Amino acid sequence: MDKVRGVTELPVFPLPVVLFPGVPLPLHIFEPRYRRMLKDIRVTNNLFGVAYFDPMGATDAVPPAGHVGCVAEVTETQEFPDGRSNILTLGVVRYRIESYVERGDQYLVAKIDYFEDNEEDEAALAGLTKEVAETFTRIAQAVRTINDERTSLPDISNTEPQRLSFLVAAAMEIEADVKQEMLELRSTFERLERLRTMLSVAVKGYEERARIHELAKGNGHAGRKIEIE
């Protein structure tokens, strides 16, 4: 919250992705209006709002009042001679659009309200957080086995519950609209419960694929494609 203290208006960048707090998002900036936005925020606070929209279902890219997005902070910038830029951003905190501000900008600017998850029972969160972290780690280990990766995994067992829920939701291969639902939730417990359900369904399949992959390598069939239904 300290990053956005006193910031009541925010440029809004509609994108077909969902950004979570604490999660990095690289972007390529090429449209003139967002080049202008980048120049403007670089002399103020390096903050803008990422707002998810479905490019297949939306008639325009203007999120309605009440839409929930995530503040992005520009942490690195690579500029090109033609005016394009590659930037690295990091999710900061969630916001809700209250209304739009008409001040002649080329891009959307909104009045926003920031929020965090509600306070919940720490003991109940602790057990659920541990279970989600362990199951997600099992899946990550299986994926590394399938991809023949040998680097060690980071230890996420002591990650704070809300932060863990965002990191896992961002990393999972689920539909963007489901991620948007996760972003909008104000209950860490409910978000972790939903993640636990999805992870428990997925973990056995990933571990079985990893087991078959190792068996195939051992039998000299590493080059054979194995389809898992």
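I will talk about how helix 3 packs against helix 5 and about the nonpolar cores of this model.

This is a predicted model, so local features need pLDDT of at least 70 and side-chain atom pairs count only at pLDDT 80 or more, while totals for chains, interfaces and linings use all residues. Residues are numbered from 1 along each chain as its sequence is written, and side-chain values use heavy atoms, with hydrogens and water left out.

Let me start with the helix pair. The axes of helix 3, residues 161–171, and helix 5, residues 188–218, come within 10 Å and cross at roughly 40 degrees; helices here are DSSP runs (H or I, at least four residues) numbered from the N terminus, and axes are lines fitted to C-alpha atoms over the stretch in contact, with angles from 0 to 180 degrees between N-to-C directions. The two helices are therefore oblique to each other, a label for angles that are not under 35 degrees, over 145, or 65 to 115.

On the helix 3 side, the contact (heavy atoms within 4.5 Å) involves P161, Q162, L164, S165, F166, V168 and A169, and helix 5 contributes T188, R191, L192, L195 and L199.

Turning to the cores, each is a set of buried Ala, Val, Leu, Ile, Met, Phe, Trp, Tyr and Cys residues joined through side-chain atoms within 4.5 Å, where buried means under 20% relative accessible area with a 1.4 Å probe, protein chains only. The largest has 23 residues, of which F20, V132, L164, V168, L192, L195 and L199 touch the most other members. Helix 2, residues 122–146, is among the elements giving two or more residues to this core, and helix 2 gives the most, with five. Apart from this core lies another, of 19 residues, including L15 and V50.

Conventions:
Buried < 20%, exposed > 50% of the residue type's maximum accessible area, 1.4 Å probe, protein only.
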